[in-house]
Amino acid sequence: MKIFIDTANIQQIKDAVDTGIIDGVTTNPTLVSREGRPLVELIKEICSLVDGPISVEAVSQNWHEIVKEARHLAKIDKNVVVKVPLVKEGLKAVKVLSKEKVQTNVTLCFSAPQALFAAKAGAAYVSPFVGRLDDIGHVGMDLIRDIRRIYDNYGIRTQIIVASIRNPLHVIEAAMAGADCATIPYDVLMNLMKHPLTDIGVERFLNDWKKVPKARSPGR
Ligand code: G3P
C-alpha cells in the first residue's frame with residue numbers, strides 16, 4: 001500500500017520523508033490555508049521534497065474553469081495530480097483532463113456510485129473520505145471495501161486513496177481492504193510507528209548493554 005502524507009506543512013513532510021516510507025503528498029484548500037504561503041510557491045517546495053504524486057486541489061466551480069485551472073496546476077511539476085471534487089462539473093472536467101493525460105484525484109467521495117463514476121470519467125485516483133463518514137455514524141471503511149470490490153469486478157485501474165483518516169485503525173483496515181494508497185495526517189503517521197513494547201525493549205537492551213565489559217583500549 002502506498003503511504004501518502006495528508007498535509008501541506010513543510011516541516012511535517014520533511015520529517016516524514018526522512019523515515020523513507022512516504023510515497024506522495026495530498027493537500028486540500030484547508031491544509032494549504034494553514035501554511036499562509038502562496039499556493040504555487042508552496043507546492044513547488046513540496047515537489048522538491050517528494051518524488052511522488054502531489055495532489056493539489058482545483059477550486060473552480062464549472063468544468064471549463066476547472067480544466068483551465070488544472071492545466072495551470074499540472075504545469076507546476078510533473079508529479080502534480082489535480083484534485084477535483086466529485087460533482088457533475090468535476091466529472092466533466094476529469095473526462096477532458098484524462099484525454100490530455102492530466103492526472104486527477106477525484107476527491108470528496110462518499111459513495112460507491114460516485115467512485116464508479118469517477119473511474120468512468122477517467123480519474124487516476126479517487127479519495128473516499130472515511131473519517132467524515134464515521135463522523136456522521138456510518139462505517140467509512142465499508143465504503144472502501146465496496147469500492148475495492150466494484151473496481152476489481154471490472155478491472156478498473158483507478159487507484160483508491162483512503163482519505164480523511166483519523167486513527168491507526170483506519171490505516172490497518174485500509175491495507176486489509178486492499179486500498180492502493182492511504183493518505184495519513186502527520187500525527188497519525190507518527191503514532192503508527194510507535195509501540196510501548198518497542199520502547200520498553202529498547203530501554204531494556206540499552207540498560208543491559210551497559211553491563212557488557214568494554215574492550216581495554218591499547219596502552220592502558
Ligand atoms: O485531504 C483530504 C482528506 O484527507 C481530508 O480529511 O480530516 O479534512 O476529513 P479531513
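**Strands, crossovers and a ligand**

Student: How many of the six residues of strand β4 (residues 80-85) are buried?
Tutor: Buried means under 20% relative accessible area with a 1.4 Å probe, counting protein chains only, while over 50% is exposed and in between is partly exposed. Strands here are DSSP runs of E of at least two residues, and helices are runs of H or I of at least four, numbered from the N terminus. Strand β4 is largely enclosed by the rest of the structure, because the number of its six residues that are buried is six.

Student: Before we go on, what kind of model is this?
Tutor: Residues are numbered from 1 along each chain as its sequence is written, and side-chain values use heavy atoms, leaving out hydrogens and water. Local features need pLDDT of at least 70, side-chain atom pairs count only at pLDDT 80 or more, and totals for chains, interfaces and linings use all residues, since this model is predicted.

Student: Which residues of β4 point the other way from Val 80, Val 82 and Val 84?
Tutor: Residues on both faces of β4 are buried, so burial won't tell you the side. Opposite the face of Val 80, Val 82 and Val 84 you'll find Val 81, Lys 83 and Pro 85.

Student: Which residue of β3 stands opposite Val 82?
Tutor: Strands pair if DSSP finds at least two bridges between them; β3 (residues 54-57) and β4 run parallel, with four bridges joining them. On the β3 side, the residue opposite Val 82 is Val 56.

Student: Through which helix does the chain cross from β3 to β4?
Tutor: This β-α-β crossover is right-handed, meaning that with the strands pointing away from the viewer, the path from the first strand over the helix to the second runs clockwise. The helix on that path covers residues 63-74 and is α4.

Student: What does Val 82 face in β5?
Tutor: Four bridges join β4 to β5 (residues 104-109), and the two run parallel. With helix α5 (residues 88-99), they make a right-handed β-α-β unit. Across from Val 82 in β5 stands Thr 104.

Student: How many of the six residues of β5 are buried?
Tutor: β5 runs parallel to β6 (residues 125-128), joined by three bridges, with Val 106 opposite Val 126. The chain gets from β5 to β6 through α6 (residues 112-121), in a right-handed crossover. β5 is largely enclosed by the rest of the structure, because its buried residues number five.

Student: Which side chain makes a polar contact with that of Gln 159?
Tutor: Gln 159 lies in strand β7 (residues 159-162), and its 19% relative accessibility makes it count as buried. A polar contact is a pair of N or O atoms within 3.5 Å; within protein, one must be able to donate a hydrogen and the other to accept it, and residues adjacent in sequence count only if both atoms are side-chain atoms. At 2.4 Å, the partner side chain is that of Lys 2.

Student: How much of the ligand's accessible area does the protein cover?
Tutor: Residues around the ligand (a heavy atom within 4 Å) include Asp 6, Asn 28 and Phe 129. Polar side-chain atoms lie 3.3 Å from a ligand oxygen for Lys 83, 2.7 Å for Ser 164 and 2.9 Å for Arg 166. Of the 310 Å² that the ligand has on its own, the protein covers 84%. Those areas come from the Shrake-Rupley method with a 1.4 Å probe, and for residues only the protein chains shown count as cover; the value you asked for is 84%.
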